[in-house]
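Work through the two exercises below with the sequence and structure in view. Each task is followed by a worked solution.

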Amino acid sequence: MSRDGQNRRAYQELVKGLWRENPVFVQVLGMCPMLAVSNSAINALTMGLATFTVLLSSSLMVSSLRNLIPRQVRISCYIIVIATFVTVIDFVLLALVPDVHKELGAFIPLIVANCMILGRQEAFAAKHPVGLAAADAAGMGGGFALALFGLGGFREVLGSGSLFGVSLFGAHFEPWVIMLLPPGGFISLGLLLLVLNWVRSRRTQRSEDLVTAQGNPSR
Amino acid sequence: MKDPIIESRRYEASPTRLVVTLGLAGLLSGLAIVSAYEWTRPRIEANHASALREAVFRVLPGIVGLQRWAQRGGELRPADEDRAGERAIYAGCDDRDQLLGFAIPAEGAGFQDTIKLLFGYLPDQRSIVGVEVLESRETPGLGDRIYKDQAFLDNFRTLLVDPEIVLVKNGTKRAAHEVDSITGATISSQAVVNILNAGVQEWSRLLSATRTGSCGQTLEQPSPSGRNATSG
């Protein structure tokens, strides 16, 4: 494959995770942290970045070791790699941002069990060279972080009337507390999925119409 | 077409290789985790110590230095070293080197999980002068108002602990030992009151036997991060 072709392929792997195959909005993976820690923008952002870092590092590691790991023990090896990075990130967050770490609580260690991460190792990183694996991981991790941050921002604005702790509407705003509680997580995620699927289906419809119109010039 | 059985044979690894691979993975993982732990530990410990220290200064207004106290030979006295499983409290000293009061850690069941808090206590006046929640997983927006709602925290500016602290309906606080509850978070407010009552109960006997007065020469800083504080 030419250099240009390789770059294009890497670019495709990168952007597919952001929109077309977004892990949250399309594959609906990693729902546990998605609903649990999206009650404020800063929590969601930290969780998103932590997951992104773990996914990227694990994919790089798994992809570069893919020819050395016997297939019989591959899942155990992926889990060891992922768990190692999660533990390291846990310590780093505890040292750098203790307040946010306190809020996130058990959900940082639970990144190990995020099926999106193990899924990318098995489905992609183990079968592709390092460059493509990195592009795929960055796209998927970025897509996850963006979705989490979007939901976190949405819930914080409605539920606390603030963004990153900065009050937006003044003292007269009555916070919509349910948005911060678990039901609010389900409601906001449902609304976001509804809007995005609507946009997606309209796009598909329009391109199908276009194809039909071009394919039958006689009509 | 490739024969799947022949294909899988080609990738078959010997048992030794499997064990060695997993062993190596575990070893490398262990090394990485231990290095990360050792690398971040000083910072994490300093964070804990400074968070605790700041909390002590907030619950005991007017102090300029603090000492770690623990039970030694049946009575409370300054104890700098940390013994395993020991519970310590913190004495606050003012700028004339007089012992002002104690910051006491206490914990108990909240609505969702254990609430850990620190309260400032003046043994001479038998009153609480400040409460700081150190750890809680109370409901966001409702129960978390036990540390976000200033009106609730103002209950603890001067709160008598005798005969005991009582939670009353919001807006009906009349006596100096009553606490206005938070509307919508009665269980969390009650939890705070229960923790305070239990904490006072646990320490007041030891504290009443303790002489208060001069902080003396023993004023020491409990953590490396506390070096810059002025000692009385």
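**Exercise 1.** Does L117(B) count as buried or exposed, and why?

*Solution.* The model is a predicted one.

Step 1. Locate the residue: L117(B) lies in strand 5 of chain B, which covers residues 114–122.

Step 2. Apply the cut-off: a residue is buried when its relative accessible area is under 20%. L117(B) has 1% relative accessibility, and therefore counts as buried.

Step 3. List what surrounds the residue. Apart from neighbours within four places in sequence, L117(B) is in contact with I104(B), P105(B), A106(B), V131(B), E132(B), V133(B), L134(B), V192(B), I195(B) and L196(B).

Step 4. Pick one of these partners, V133(B). L117(B) and V133(B) are 16 residues apart along the chain, and 4.2 Å separates their C-alpha atoms.

**Exercise 2.** Describe the interface of chain A and chain B, and find which helix gives the largest share of chain A's side.

*Solution.*

Step 1. Count the residues: 26 from chain A are in contact with 27 from chain B.

Step 2. Take the area. About 2,100 Å² is buried between the two chains, and carbon and sulfur atoms give 71% of that.

Step 3. Look for polar links. The rule finds 0 salt bridges across the interface, but 5 residue pairs in polar contact, both at pLDDT 80 or more.

Step 4. Assign the elements on chain A. Helix 4 (74–96) and helix 5 (98–104) each supply at least two residues of the side that touches chain B. The largest share, 11 residues, comes from helix 4 of chain A.

Step 5. Sort that side of chain A by class: 16 residues are nonpolar, 7 polar and 3 charged.

Technical notes
Residues are numbered from 1 along each chain as its sequence is written. Chains are lettered from A and ligands numbered from 1 in the order in which they are written. This is a predicted model: local features need pLDDT of at least 70, side-chain atom pairs count only at pLDDT 80 or more; totals for chains, interfaces and linings use all residues. Side-chain values use heavy atoms; hydrogens and water are left out. Contact means heavy atoms within 4.5 Å. Buried area is the accessible area (1.4 Å probe) that two parts lose on being put together, summed over both. A salt bridge is a side-chain nitrogen of Lys or Arg within 4 Å of a carboxyl oxygen of Asp or Glu. A polar contact is a pair of N or O atoms within 3.5 Å; within protein, one must be able to donate a hydrogen and the other to accept it, and residues adjacent in sequence count only if both atoms are side-chain atoms. Helices (H or I, at least four residues) and strands (E, at least two) are DSSP runs, numbered from the N terminus. Ala, Val, Leu, Ile, Met, Phe, Trp, Tyr, Cys and Pro count as nonpolar, Asp, Glu, Lys and Arg as charged, and the others, Gly among them, as polar. Buried means under 20% relative accessible area, exposed over 50%, partly exposed in between (1.4 Å probe, protein chains only).
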